[in-house]
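Colleague: Got a minute to go through the charged pairs in this one? I'd like to start with single residues and then move on to pairings.

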Amino acid sequence: SKKAATRELADAPALFAERRQPSARFMVIPQHTSQSRRYVPFGYFEPNNIVHNSCSAIPGASLYHFGVLSSLMHMAWVKTVCGRIKSDYRYSTQLVYNNYPWPESPSAKKRKAVEKHAKEVIDVRAGQQGTLAELYDPLAMPADLAAAHKRLDKAVDACYRRAAFTSDRERVEYLFGLYELLVAADSDEEEGEEDDEANES
């Protein structure tokens, strides 16, 4: 390496070089997941669990964050924009997470509904036997977990609009409509900043 700091770390090869481990409870996003799953199996972990390089972490993620990301709405986005390893999903924080159009200012009541059903999903999972991979097997997903996710899906959909979504295509079209508005707003803001700089000069 050309970096002096990296060369110095070679004196202690058994130690982690860059320690970016969260200091509080965090949510894990697996970077790879089967295309056959209806939902990406996100989960919470404590700081004594090391985040592997095959995952991403969201420190301080709330139940609301967990709920939205664990919904069919987010999955519709994942299926459309994420990369692939063969046919399986490759979840990128830059491409998928950072560009995801979150609900615009949902009411406190709607946020609480998402949090309530997100906690229900977590509680149902805790009462089941098996790993997350086993619980989210599309052919063997426990009925009560599937039902909890359905209630969560409904709560998340309601944060986006009053009318129910009838398909993933509808969800994707709606999300890209929001995305276009966000991009346009960013462009307008940048043009405004350029005008201000021009006026100052």
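Colleague: Glu173 first: how does it count at 46% relative accessibility?
Modeller: This is a predicted model. In it, Glu173 counts as partly exposed at that 46%.

Colleague: And which side chain does Glu173 meet in a salt bridge?
Modeller: That of Arg169, at 3.1 Å from N to O. The two residues both lie in helix α8, four residues apart, which is about one turn of the helix.

Colleague: Is Arg169 buried or exposed?
Modeller: Exposed, because its relative accessible area is 64% and the cut-off for exposed is over 50%.

Colleague: Switching helices. What does Asp123 pair with?
Modeller: Lys119, through a salt bridge of 2.9 Å, N to O. Asp123 and Lys119 sit four residues apart in helix α5 (residues 108-126), so about one helical turn separates them. Asp123 is partly exposed, with a relative accessible area of 43%, and Lys119 counts as partly exposed at 43%.

Colleague: What about Asp157, which residue does it bridge to?
Modeller: Arg171, with the closest N and O atoms 2.9 Å apart. Asp157 is in helix α7 (residues 143-160) and Arg171 in helix α8 (residues 168-200), so this pair ties together parts that are 14 residues apart in sequence.

Colleague: Are Asp157 and Arg171 buried or exposed?
Modeller: Both are buried.

Colleague: Which residues are linked with them in a network?
Modeller: Lys79 and Asp168; together with Asp157 and Arg171 they form a network of salt bridges.

Colleague: Last one: how many salt bridges does the count come to?
Modeller: Eight.

Key: Residues numbered from 1 in each chain as written. Predicted model: local features only at pLDDT ≥ 70, side-chain atom pairs only at ≥ 80, totals over all residues. Heavy atoms only, no water. Salt bridge = Lys/Arg side-chain N within 4 Å of Asp/Glu carboxyl O. Buried < 20%, exposed > 50% of the residue type's maximum accessible area, 1.4 Å probe, protein only.
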